Amino acid sequence: MDGSCNSSAPSNGCPEPPKKQASSAAEVSRHSSTQLATSNDLEADNASSFGSRLLSAEKNVFEHNAWDHVEPDSEYLEYAEQQIRMHHENPVPAEQREIYNTTPAEFWNSFYSINQNRFFKDRHWLRVEFPELFNWTTDRNQSKFNIMEVGCGAGNAVFPILADIADPRLFVYACDYSQVAIDVVKASEAYDQQRCTAFVWDLAGTELPTDVQPESIDIMLMIFVFSALHPKQWNQAVDNAYRLLKPGGILLFRDYGRNDLAQVRFKKSRLLEDNLYIRGDGTRVYFFTNDELAEIFGAKFEIEQNAIDRRLLVNRKRELKMYRVWLQAKFRKSNNA
């Protein structure tokens, strides 16, 4: 299960952002999802400095392909409001809703049966956004280090992690509730059973995976995964993650933000419930706010980061502006748990 579509929604036709060399996630206030506090230096002329390319004047918008921390303009906000209203006026027909909520794995199986490992790009930006995945290697007191990716898809995060970290203490658990996705991972030449195991598991199920001991995971990774769940499943999913993490372990999270272009572009008969949609391939996707993340995870975890990544992508030839919104967070299980 992986809904990023090269960090876009799978059949929404959203563009892929340029490769990042610096984090573009800006911290938000614990009490408000609208106050940004950025610490990136302005390097607008450096082509490799995504994460710190700030648009200082609207007249310069078409000088580069992407800008960071750009609030949507009034034209886009009006368009988004019109689109969301249209979604509510034309939801998924009532007689079709149940199938999307009762058999979600079947839609992901179909997705991976068609696309195999060709759809998503490898996530080489992990070192930029989540250095925790790599920094532990300097700690010689660690005897073993377990990373678990939930919703591993075709292995686009797992395999770059294994390739970049040669430390023999590392072991990676890769799970997805699509059997086809797991088959794709296991069929890869990069799959090494001495360093990794892949298996089917439903994050929102009532049972923990038999392959993983409770409180054994140092880092859990959820990238464009939580958005595939129905809101009624969130509490169970958070509880499962909490039980698997060691005391002091951390959950690294990235997913869709409210009014992202992928949400706004949806057409009629795609809205299941408020902010929960069905893509053309039948997979679900929810669009979050930072306040929602704080409420969902804050009851069990310490919130180390609750950030927003606003990216303005530009088609300079056609002079089009496309606003992307992703949320990024880090949730720590207390050492005293």
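Okay, let's start in the sheet: strands β4 and β5 pair in the parallel sense, over six bridges. One residue pair to find on your screens is N146, which stands opposite F171 in β5. Getting from β4 to β5, the chain goes through helix α6, residues 158-164, and this β-α-β crossover is right-handed. Before I go on, please keep in mind that this is a predicted model.

Let's stay with β5 for a moment. The strand covers residues 170-176, and seven of its seven residues are buried. So which way do its side chains go? L170, V172, A174 and D176 point one way, while F171, Y173 and C175 point the other way, and all are buried. As a general point, side chains in a regular strand alternate between the two faces of the sheet.

What comes on the other side of the strand? β5 is joined to β6 by five bridges, and the two run parallel. Look for Y173 here: its bridge partner in β6 is T197. The connection is another right-handed β-α-β unit, made of β5, helix α7 (residues 179-187) and β6.

Now over to β7, residues 217-223. This strand is mostly covered too, with seven of its seven residues buried. Which strands pair with β7? There is β4, residues 145-150, running parallel to β7 and joined to it by four bridges. And there is β8, residues 245-256, pairing with β7 in the parallel sense over six bridges. L221 is a handy residue to click on, since E149 stands opposite L221 on one strand, and in β8 the bridge partner of L221 is L252. From β7 the chain crosses through helix α8, residues 234-244, to β8, and that β-α-β crossover is right-handed.

Next, the loops around β7. Between β6 and β7 you'll find V212. Is V212 buried or exposed? V212 has a relative accessible area of 3%, and because anything under 20% counts as buried, V212 is buried. And what does V212 touch? Leaving out residues up to four places away in sequence, V212 is in contact with M148, Y173, F199, I217 and L244. Y173 is the residue we just saw bridged to T197. As for T197 itself, the C-alpha atoms of V212 and T197 are separated by 10.0 Å, and the two are 15 residues apart along the chain.

In that loop between β6 and β7 there is also E215. Phi of E215 is near 55°, a positive value in a residue other than glycine. With 40% relative accessibility, E215 counts as partly exposed.

After β7 comes a residue to set beside E215. F224 is in the loop between β7 and α8, and its phi is near 50°, again positive in a residue other than glycine. F224, though, is buried, with a relative accessible area of 1%.

On to the cores. The largest nonpolar core has 44 residues, and those with the most contacts inside it are M148, M220, F226, L251 and F297. Which element gives the most to this core? That's α8, with six residues. If you want a closer look, pick F226: apart from neighbours within four places in sequence, F226 is in contact with L203, W234, A237, V238, F253, D255, F288, I296 and F297. There is also a second, separate core, with 38 residues, including I161, I223, F224 and F266. So F224, our buried loop residue, turns up in that second core.

Last stop, helix α1, residues 74-89. This helix has 16 residues and reaches 23 Å from its first C-alpha to its last, close to the 22 Å expected at 1.5 Å a residue. The buried residues in α1 are Y76, A80, Q83, I84, M86 and H87. Why do they line one face? Looking down the axis of α1, the buried residues fall within an arc of 160°, so they line one face of the helix. In general, an α-helix has 3.6 residues a turn, so residues three or four places apart point the same way. Turned away from the buried side of α1, the other face carries the exposed residues S74, E75, E81 and E89. And what covers the buried residues of α1? The cover includes α9 (261-264), β9 (271-273), β10 (276-278) and β13 (320-332).

That's my tour, thanks for listening.

Conventions:
Residues are numbered from 1 along each chain as its sequence is written. This is a predicted model: local features need pLDDT of at least 70, side-chain atom pairs count only at pLDDT 80 or more; totals for chains, interfaces and linings use all residues. Side-chain values use heavy atoms; hydrogens and water are left out. Buried means under 20% relative accessible area, exposed over 50%, partly exposed in between (1.4 Å probe, protein chains only). Two strands pair if DSSP finds at least two bridges between them. A crossover is right-handed if, with the strands pointing away from the viewer, the path from the first strand over the helix to the second runs clockwise. The expected span of a helix is 1.5 Å times one less than its number of residues. The arc is that of the directions from the helix axis to the C-beta atoms. Contact means heavy atoms within 4.5 Å. A nonpolar core is a set of buried Ala, Val, Leu, Ile, Met, Phe, Trp, Tyr and Cys residues joined through side-chain atoms within 4.5 Å.
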